[in-house]
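Biologist: Could you take a close look at the ligand site for me, and then walk me through whatever else in the backbone and the cysteines deserves a second glance? One connected answer is fine.

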Amino acid sequence: MFIGNAPPLVRGGVFAYSKDGGVVKMKQYNKNNIPLAKSLRKNMTPWERKLWYEFLRSYPVRFQRQKCIGNFIVDFYCAKAGLVVELDGSQHYFNEYKKSDCIRTEKLAAENLVVIRIPNCEIDVNFEGVCEYIDNVVKSSLPQSAAQPAPSSEGAKNEQAGLYFHIPFCKSKCPYCDFYSVKYDEQSGEEYINKTVEIIKQYQGSFDTVYFGGGTPSILPPDMLRRLLDSAREQYDISDNAEITVECNPSLDLGEKMKAYADMGINRVSIGMQSAVDKERFALGRSAGRRQVENAVNSARRAGIMNISLDLMLGVPNQTIDTLDESLDFVTSMGVTHLSAYMLKIEEGTKFFDMKNRLVLPDEDEVCEMYLKTVDTMNRSGLTQYEISNFARNGMESKHNIKYWTLCDYLGIGKSAHSFWHGKRFYYDRDYSKINDGTGGDTEERIMLGLRLNKGINKSIINKDISQYIKCGLMCERGDNVALTPQGMLLSNTIISSLI
Ligand code: SF4
């Protein structure tokens, strides 16, 4: 019974006071699980004991251990942050466990909980990194951070810009790729870094994100990336807590490289998985199998890099709804913070273009079904869609990429790198010559880029009648904004062209 300042009763649960003074909604649970939860609390595994006694028990926001939620008993639970932390032993890497972990994660996500899974081995080898990761997720999930202004899609400038380095080297050319990239050798690498360092010196700026994209940045010896980062830090004002991302190809042995990345301040990796089904990966010209993708994720975590994104491709040769399911299950079971999911486009000039009549590709309807399935599965598993192709845990959206869609300044250095810098667009061509590309930031761009985002754009920006799109379920209103629905995102090119 509540006395004094008793919190009000609400449907679906009651409010209770949390240790740190807030009021949180209690989750419903199965009372039959209480004896088992008590016994699990008394018999914690060595990894649970370490995390509890050395970190969570005295964490400033209250955590509970072996907490009953719905029909589950979760390892650790923070009500205020809506966060579940599960520690996984080696049995969780077997398929039957992975499947049940995915179902469990989806059900907990349906309760508006963020679930993070941490392998026991991380507690052994990277305890500090695990604590830092949990701390970051809690901070990003607390109401005060949710109340911080979301990135604007209406062209307002952040004070700090994004810095992009294009690393145009790859081990070999993937058959679908039309990005600029050449085969890597040490001498070309050295020359490229020297030239890039010269170009860094031609600009001044203040940045809170740095992104090494490619190509395959991870093909370079880490010292080359370090030279770029050191030069940038010397020349520019780069925030201490900048988001610094490197794209990695899992076919390379990344163990030592991840340690070097963490050491130089890289705190986010984007891993080119493309598919968790080996047959599909190999058809895409990727030599690494799913095992190497797993190793890459685990190496990043061991090095203390907990913000991990995977790339997934939809509509690739031999892919079916069932094999897509396997990839999505893999993403969920790896507990990564971010997913980018792109549809395969067969571009002229690629190997796939030459062999397009021989490729066994899913048809257009199947690809649409795959996209909608990806959106639905990711949203249910706690990786919420925030852009047409991007999904993230709350607070783990790519700060760098959001700058592109919200018309913030970004400076791109490297062959074929593009910039939007002080209102002007320009890029470096394949000879490293700078090419002016006009101005940017007009209404057309605001509509075109802003409608990529889930939050959409302010209604006042669009002068055309959108009522038909809303009636058909292709667009929706979100407060003062209008946005594309997932179905609308499938037709984004057509809809956006009609609005500008
Ligand atoms: S690794 Fe990436 S950039 Fe390099 S060829 Fe393959 S798809 Fe293109």
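Modeller: Sure. The residues around the ligand are C170, S172, K173, C174, Y176, C177, G215, T216 and R286. Keep in mind that this is a predicted model. By class, that shell splits into four nonpolar residues, three polar ones and two charged ones. With cysteine and tyrosine counted as nonpolar, the four are C170, C174, Y176 and C177. The charged pair is K173 and R286, which leaves S172, G215 and T216 as the polar members.

Stay with G215 for a moment, since there is something odd in the backbone there. The peptide bond running from G214 into G215 is cis, with an omega near 20 degrees. G215 itself sits in the loop between β11 (206-214) and α8 (222-235). So a residue of the ligand shell is also one end of a cis peptide bond.

What about the cysteines? Three of them, C170, C174 and C177, are among the ligand's neighbours, and the structure as a whole has zero disulfides. A disulfide is a covalent bond between the sulfur atoms of two cysteines, and the cut-off used here is 2.5 Å between the sulfurs. Take C78: the closest cysteine sulfur belongs to C131 and is 14 Å away, so that gap is too far for a bond. C78 is buried too, with a relative accessibility of 0%. For C368 the closest cysteine sulfur is in C472, at 16 Å, again too far for a bond. Unlike C78, which is buried, C368 comes out as partly exposed at 28%.

C78 also leads us into a sheet, as the last residue of strand β5 (residues 72-78). The sheet is open and has four strands in the order β4-β5-β6-β7, with mixed pairing. Its edges are β4 (64-69) and β7 (114-119), each of which pairs on one side only. From one strand to the next the twist averages 45 degrees. Strands of a sheet pair through backbone hydrogen bonds, either parallel or antiparallel. For β4 and β5 the sense is antiparallel, over five bridges, and one facing pair to look up is K67 opposite V74 in β5.

Further along the chain, strand β24 (residues 481-484) is worth a look. In a regular strand the side chains alternate between the two faces of the sheet. Both faces of β24 are covered: N481 and A483 are buried on one side, and V482 and L484 are buried on the other. β24 has an antiparallel link to β22 (residues 457-458) through two bridges, and an antiparallel pairing with β23 (residues 475-478) over four. N481 shows up in both pairings, opposite N458 and opposite R478. β23 and β24 form a hairpin with two residues between the strands, where G479 takes a positive phi near 60 degrees.

While we're on positive phi, two non-glycines have it as well. Q274 is at about 70 degrees, in strand β13 (residues 268-274), and counts as buried because its relative accessibility is 6%. H422, at about 50 degrees, belongs to the loop between β19 (418-421) and β20 (424-428). H422 counts as exposed, at 57%. I'd check both torsions by eye.

Now the helices. α11 (residues 290-302) passes a simple length check: its 13 residues should span 18 Å at 1.5 Å a residue, and the end C-alpha atoms are 18 Å apart, which agrees. Its buried residues are R290, V293, E294, A296, V297, N298, S299, A300 and R301. An α-helix has 3.6 residues a turn, so residues three or four places apart point the same way. The buried set has such spacings, R290 to V293 and E294 being examples, but it also holds the consecutive run from A296 to R301. Charged side chains are on that list too, namely R290, E294 and R301. After α11 comes G304, with a positive phi near 95 degrees.

One last stop is helix α9 (residues 255-263), which contains Y261. Y261 counts as buried, at 0% relative accessibility. If you want a long-range ruler, Y261 and R380 are 119 residues apart in sequence and 32 Å apart in space, C-alpha to C-alpha.

Terms used:
Residues are numbered from 1 along each chain as its sequence is written. This is a predicted model: local features need pLDDT of at least 70, side-chain atom pairs count only at pLDDT 80 or more; totals for chains, interfaces and linings use all residues. Side-chain values use heavy atoms; hydrogens and water are left out. A residue is near a molecule or strand if one of its heavy atoms lies within 4 Å of it. Buried means under 20% relative accessible area, exposed over 50%, partly exposed in between (1.4 Å probe, protein chains only). The expected span of a helix is 1.5 Å times one less than its number of residues. Two strands pair if DSSP finds at least two bridges between them. Axes are lines fitted to C-alpha atoms, for helices over the stretch in contact, and angles run from 0 to 180 degrees between N-to-C directions.
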